[in-house]
Amino acid sequence: MPPVLTLSNISKSFPGVRALHDVSFALNAGEVTALIGENGAGKSTIVKILTGIYVPDEGEVHVGATPRSFSSPRDSWAAGIAAIHQETVMFDELSVAENIFMGHMPVSASGLVDWPQMRRRATELLKRIDADFGPDALLKQLSVAQKHMVEITRALSHEASVIIMDEPTAALSRNEIDDLFRIIAQLKAEGRAVIFISHKFDEIFRVADAFVCLRDGEKVGAGKIADVTEAKLVSLMVGRPIDQVFPKRDIAIGGTVLKVEGLSNATEFTDVSFELRRGEILGFYGLVGAGRSEAMQCLFGMTRASKGSVTLNGQPLRIASPGDAIGAGISYVPEDRQEQGAVLPLGIRENITLASITSHVKNLFVSRPSELLDVRMLGKRLDVRAAHWEQRLGELSGGNQQKVVIAKWLAAKPKVIILDEPTKGIDVGSKAAVHDFIGELAEEGLAVILVSSELPEIMGLADRVVVMQEGRIAEVFTRGSWSAEEIVAAATGARKAA
Ligand SMILES: Nc1ncnc2c1ncn2[C@@H]1O[C@H](COP(=O)(O)OP(=O)(O)OP(=O)(O)O)[C@@H](O)[C@H]1O
Ligand SMILES: [Mg+2]
């Protein structure tokens with residue numbers, strides 16, 4: 001059978017950056033092809049070319065045997081290509097059903113939008129992926145994970161022959177990932193071709209049949225997943241072998257820095273109490289919707305608590321806004337960098353110094369050299385890859401944007417730093433760098449809260465793990481006396497009875 005989709009000699013440059021150079025590969029029906037590579041390797045650029053967002057400088061795309069050129073997302077959609085993008089492109093003020101069918105709403109004989117049919121089909125599709133929300137919910141009411149599910153539903157709403165998923169699991173919990181993999185198996189069985197982009201090797205090995213590896217915009221390898229090992233893929237990606245696991249640093253844990261008692265809000269979390277000490281890394285594990293991020297956002301002053309108290313170094317804190325939290329020495333690196341963390345039209349330097357600009361004021365003026373000192377140090381330490389420090393954040397690859405957001409909150413020189421899914425979307429090499437950096441921060445005496453859905457990350461770094469389930473703390477585990485099974489069981493509520 002001829003390939004469903006063929007890319008031939010695709011090149012694409014941006015001012016100062018060669019994003020893709022002479023890339024060719026083909027997709028077969030009923031196969032999942034993993035597109036892998038470091039942050040900035042060119043994966044999303046391929047996706048954007050296939051979905052008509054970017055036009056390639058050179059090269060051709062064939063759908064089946066037909067040459068195609070896409071000058072808009074509409075063209076590519078019409079050619080049977082659907083994508084779930086890394087950065088969601090949806091409408092907050094519209095309903096779930098409207099977002100699913102945006103651009104291809106069913107119309108009745110009279111030419112008007114057939115709302116009942118649209119609702120009915122949306123309901124069916126949402127059921128197919130086991131969504132816990134309905135077609136009438138407004139998008140803005142949904143969590144990040146739920147928004148992602150709307151995107152998946154949107155791709156399913158279209159009888160596409162090619163479905164592209166650019167880091168679809170980044171915002172999903174274990175159960176939701178299982179659901180997604182079930183859907184992917186279904187798509188394969190229906191004979192569709194899937195492009196799957198992920199930085200998680202366990203997922204790649206679970207779901208992919210074939211792989212294409214990019215490095216600095218060039219194809220450096222391709223083949224069958226059955227023929228390679230993880231180590232082989234890693235060395236293809238980064239061009240050298242790397243250490244993925246850093247040993248836990250042996251750090252003397254000091255006195256209590258942060259004490260949270262009975263923190264509650266109306267709906268999302270109840271009676272959250274814990275203590276955090278100097279030099280400690282406190283993990284927060286739970287399923288999506290367990291209330292971890294919500295509790296942290298409340299601690300950071302983004303939302304108001306209905307009950308509870310917070311003390312920092314023995315002093316009661318009254319935090320009514322993020323400004324108050326920053327002033328008190330608490331930083332929060334949000335999970336959703338697009339909405340809460342990054343200012344895409346601004347440059348890297350401005351983004352990094354945004355929360356700490358007052359520390360660079362000398363004689364009433366912002367000192368550029370002082371600013372750049374911080375920017376260079378943090379940019380290097382977190383391995384931010386960019387053409388220069390003034391480059392607009394929106395021009396960076398997704399993973400590099402995430403690194404800049406982490407740098408911004410570290411530049412604020414906090415006493416307590418809350419990291420919410422800090423390595424989401426970050427490639428294997430940089431992930432190790434971020435883990436090492438988190439250890440170093442603790443060593444320097446920072447108190448760190450690490451919210452993560454990745455168990456190896458939590459178990460590798462944390463001194464203690466607070467497990468939340470349905471808005472409450474289910475159990476607290478201590479390093480040395482925990483197991484992955486127990487932690488997962490606590491998160492799913494399976495240990496409650498015990
Ligand atoms: N609109 C743009 N303007 C300038 N440079 C861009 C633009 N879009 C992408 N680039 C650059 O092209 C390169 C490839 O980026 P791309 O987003 O494809 O990476 P990626 O492989 O998806 O990485 P990640 O894993 O971080 O998502 C990067 O150097 C990026 O900065
Ligand atoms: Mg990308």
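Where is the place of Glu421? In this predicted model, Glu421 lies in the loop that runs between β19 (416–420) and α15 (428–443). The backbone of Glu421 has a phi near 50 degrees, a positive value in a residue other than glycine, and its relative accessibility of 9% places Glu421 among the buried residues, because the limit for that class is under 20% relative accessible area. A second non-glycine residue with a positive phi is Asp216, for which the angle is about 45 degrees. Asp216 is likewise a loop residue, located between β9 and β10, but Asp216 is exposed, with a relative accessible area of 54%, whereas Glu421 is buried.

The strands that flank Asp216 belong to an open sheet of six strands, arranged in the order β6-β7-β8-β3-β9-β10 with mixed pairing. At the edges of this sheet stand β6 (81–84) and β10 (218–224), each of which has a single partner strand, so that one side of each is left without a neighbour in the sheet. On average, and with direction ignored, neighbouring strands of the sheet are turned by 15 degrees against each other. Within the sheet, strand β3 (residues 32–36) pairs with strand β8 (residues 193–197) in the parallel sense over four bridges, and Thr33 is placed opposite Ile195 of β8. Helix α6 packs on the sheet through contacts with β3, β7 (162–166) and β8, and the direction of α6 makes about 155 degrees with that of β7. Helix α8 (residues 230–238) also packs on the sheet, where it touches β3, β9 (210–215) and β10, and the direction of α8 makes about 30 degrees with that of β9. Strand β3 is thus touched by α6 and by α8.

Besides its packing on the sheet, α6 takes part in a helix pair. Two packed helices are described by the angle between their axes and the distance between the axes. The axes of helix α5 (residues 144–156) and helix α6 (residues 174–189) come within 12 Å and cross at roughly 5 degrees, and α5 is therefore roughly parallel to α6. On the α5 side the contact is made by Ala145, Met149, Ile152 and Leu156, and on the α6 side by Glu176, Leu180, Ile183 and Leu187. Of these contact residues, seven are nonpolar, none is polar and one is charged. Helix α5 also holds Lys147, a residue that is buried with a relative accessible area of 11%. Lys147 and Asn99 stand 48 residues apart in sequence, and their C-alpha atoms are 9.8 Å apart in space.

Helix α6 appears once more in the surroundings of helix α17. The buried residues of α17 (residues 484–492) are Ile487, Val488, Ala489, Ala490 and Ala491, and the elements that cover them include α6, β13 (281–286), α16 (455–461), β21 (464–469) and β22 (472–478). Just after α17, Gly493 adopts a positive phi of about 90 degrees. Two of the covering strands, β21 and β22, pair with each other in the antiparallel sense over six bridges, with Gln469 opposite Arg472 of β22. The hairpin formed by β21 and β22 has two residues between the strands, and Glu470 in this hairpin takes a positive phi near 45 degrees.

A further loop position is that of Ile53, which is found between α1 (43–50) and β4 (58–63). Ile53 is partly exposed, with a relative accessible area of 43%, and, when its neighbours within four places in sequence are left aside, Ile53 is in contact with Lys48, Pro73 and His85. Gly329 is 276 residues from Ile53 along the chain, and the C-alpha atoms of these two residues are separated by 41 Å.

The cysteines were also examined. A disulfide is a covalent bond between the sulfur atoms of two cysteines, and a search of the whole structure finds zero disulfides. Cys213 is buried with a relative accessible area of 0%, and Cys298 is buried with a value of 5%.

Conventions:
Residues are numbered from 1 along each chain as its sequence is written. Chains are lettered from A and ligands numbered from 1 in the order in which they are written. This is a predicted model: local features need pLDDT of at least 70, side-chain atom pairs count only at pLDDT 80 or more; totals for chains, interfaces and linings use all residues. Side-chain values use heavy atoms; hydrogens and water are left out. Buried means under 20% relative accessible area, exposed over 50%, partly exposed in between (1.4 Å probe, protein chains only). Contact means heavy atoms within 4.5 Å. A disulfide is a pair of cysteine sulfur atoms within 2.5 Å. Axes are lines fitted to C-alpha atoms, for helices over the stretch in contact, and angles run from 0 to 180 degrees between N-to-C directions. Angles under 35 degrees count as roughly parallel, over 145 as roughly antiparallel, 65 to 115 as roughly perpendicular and the rest as oblique. Ala, Val, Leu, Ile, Met, Phe, Trp, Tyr, Cys and Pro count as nonpolar, Asp, Glu, Lys and Arg as charged, and the others, Gly among them, as polar. Two strands pair if DSSP finds at least two bridges between them.
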